[in-house]
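I opened this notebook to record, entry by entry, what I looked up in the structure. Each entry takes up one place in the chain and stays with it until I have what I came for.

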Amino acid sequence: MLPRPIAAPFDDPDHLFEPWWGGERVFAFVDIDPATGAGAVRIVDRRGRDRAALLPELTSTGGLVGRLGGHAALLDGSLVVVDAAGRPDPAGLAARLAGRAGGTVVFLAFDLVALDGRPLLAEPLERRRERLRRVVEPGGSVLVVPAIPGEGRALHAAATTSGIPGVIGRHRRSPYLPGVRSRLWRLAATGPADGSAPAGAGPAEAAPGDASGTTPILALIQRLPLDHGD
């Protein structure tokens, strides 16, 4: 399911607003063998290519399988590499997806399409997000994108200052419509399409040691006007 671009941010109590880091949109398929409990991961981009072999941080023991507590799932999200301030590093991501050395790739999960073999397409977004939050234990290179209800303009302003390329507003009751570019999801960009920091954003702040990969993103999220309990 794809968002429709819009010219300006908006407020609406029926929408959940999420920061958007851009990156490479993918489906993460996490399968569990019922006999052995062993997990397998596929990370499939919009061209149908499985990128899992390039991303050991997401396929190793501490990756997606370890973060799902034994559940099989189909997750929608984005792959990103970020700088020390949590801002997107498109060149770093391109290097990793080309098989070259580079920064840690993080999977930012924002939707749950199926769980333990059960499709969730018809469930409203707010219910899918609640399941996603309960199922995924953030850490390592896996993070659930947080949201704020209603306050799209405030989040957009903070995202612009922080060098995040956009904000997505998704209707609380939106079903998941595969392959559809729908008005139920709307994307308001903040600045350069390449994801670089906007003019005036200021120098990058140094982040703590990035052992987990998500540390700079978490530090940036704490500075945004989000519902951190989501």
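**Entry 1: Glu 18**

I began with Glu 18, which I found in strand β2, the strand that runs over residues 12-20. I kept in mind that this is a predicted model. Is Glu 18 buried or exposed? Its relative accessibility is 3%, and because buried means under 20%, Glu 18 counts as buried.

I then looked up the polar partners of this side chain. One polar contact, of 2.8 Å, links it to the side chain of Arg 129, and another, of 2.7 Å, links the side chain of Glu 18 to that of Arg 170. Setting aside the neighbours within four places in sequence, I noted that Glu 18 also has contacts with other residues, among them Phe 110, Val 145, Leu 155 and Ile 168.

I followed Arg 170 one step further, and found that it lies over the face of Trp 185, at 4.6 Å from the ring centre. Arg 170 therefore appears twice in this entry, once in a polar contact with the side chain of Glu 18 and once over the ring of Trp 185.

**Entry 2: the hairpin of β3 and β4**

Next I looked at strand β3, residues 24-32, and strand β4, residues 39-45, which pair in the antiparallel sense over seven bridges. To fix the register in my mind I wrote down one position, where Ala 28 of the pairing stands opposite Ile 43 in β4. The two strands form a hairpin with six residues between them, and in the turn Gly 37 has a positive phi of about 80°.

**Entry 3: aromatic rings**

I asked how many aromatic pairs there are, and the count comes to three. In one of them the rings of Phe 10 and Phe 17 have centres 5.1 Å apart and planes at 70°, so I wrote the pair down as edge-to-face. Phe 10 is buried, with a relative accessible area of 14%, and Phe 17 counts as buried at 2% relative accessibility.

Another pair is made by Phe 27 and Phe 29, whose ring centres are 6.2 Å apart with the planes at 70°, so this pair is edge-to-face as well. Phe 27 counts as partly exposed, at 30% relative accessibility. I also noted that the charged end of Arg 42 sits over the ring of Phe 29, at 4.2 Å from its centre.

**Entry 4: helix α3 and Arg 51**

In helix α3, residues 90-97, I listed the buried residues as Gly 92, Leu 93, Ala 95, Arg 96 and Leu 97. What covers them? The cover includes β3, α1 (56-59) and β5 (73-80). Just after α3 I came to Gly 99, which takes a positive phi of about 85°.

Leu 97 led me to Arg 51, since a polar atom of the Arg 51 side chain lies 2.7 Å from the backbone oxygen of Leu 97. Arg 51 is in the loop between β4 and α1, and it is buried, with a relative accessible area of 10%. Leaving out its neighbours within four places in sequence, Arg 51 is in contact with Glu 24, Ile 43, Asp 45 and Leu 97.

**Entry 5: Asp 116**

I looked up Asp 116 for its backbone, because most residues other than glycine have a negative phi. Its phi is near 50°, a positive value in a residue other than glycine. Asp 116 is in the loop between β6 (106-115) and β7 (118-119), and at 44% relative accessibility it counts as partly exposed.

**Entry 6: Arg 153**

Arg 153 is in helix α5, residues 152-162, and counts as partly exposed at 48% relative accessibility. With neighbours within four places in sequence left aside, its contacts are Pro 9, Phe 10 and Asp 11. I also noted that Arg 153 and Val 167, 14 residues apart in sequence, are 9.1 Å apart in space from C-alpha to C-alpha.

**Entry 7: the whole chain**

Last, I stepped back to the chain, whose secondary structure comes to six helices and 11 strands. Of its 230 residues, 49% are buried. Among contacts with a separation of 6 or more, 74% are between residues 24 or more positions apart. The accessible surface comes to about 10,300 Å², and 55% of it belongs to carbon and sulfur atoms.

Key. Residues numbered from 1 in each chain as written. Heavy atoms only, no water. Helix = DSSP H or I, 4+ residues; strand = E, 2+ residues; numbered from the N terminus. Buried < 20%, exposed > 50% of the residue type's maximum accessible area, 1.4 Å probe, protein only. Polar contact = N/O pair within 3.5 Å; in protein donor to acceptor, adjacent residues only side chain to side chain. Contact = heavy atoms within 4.5 Å. Pairing = 2+ DSSP bridges. Areas by Shrake-Rupley, 256 points an atom, 1.4 Å probe, with all protein chains shown as cover. Phe/Tyr/Trp six-rings, centres within 6.5 Å; stacked < 30°, edge-to-face > 60°. Lys NZ or Arg CZ within 6 Å of the ring centre and 35° of its normal.
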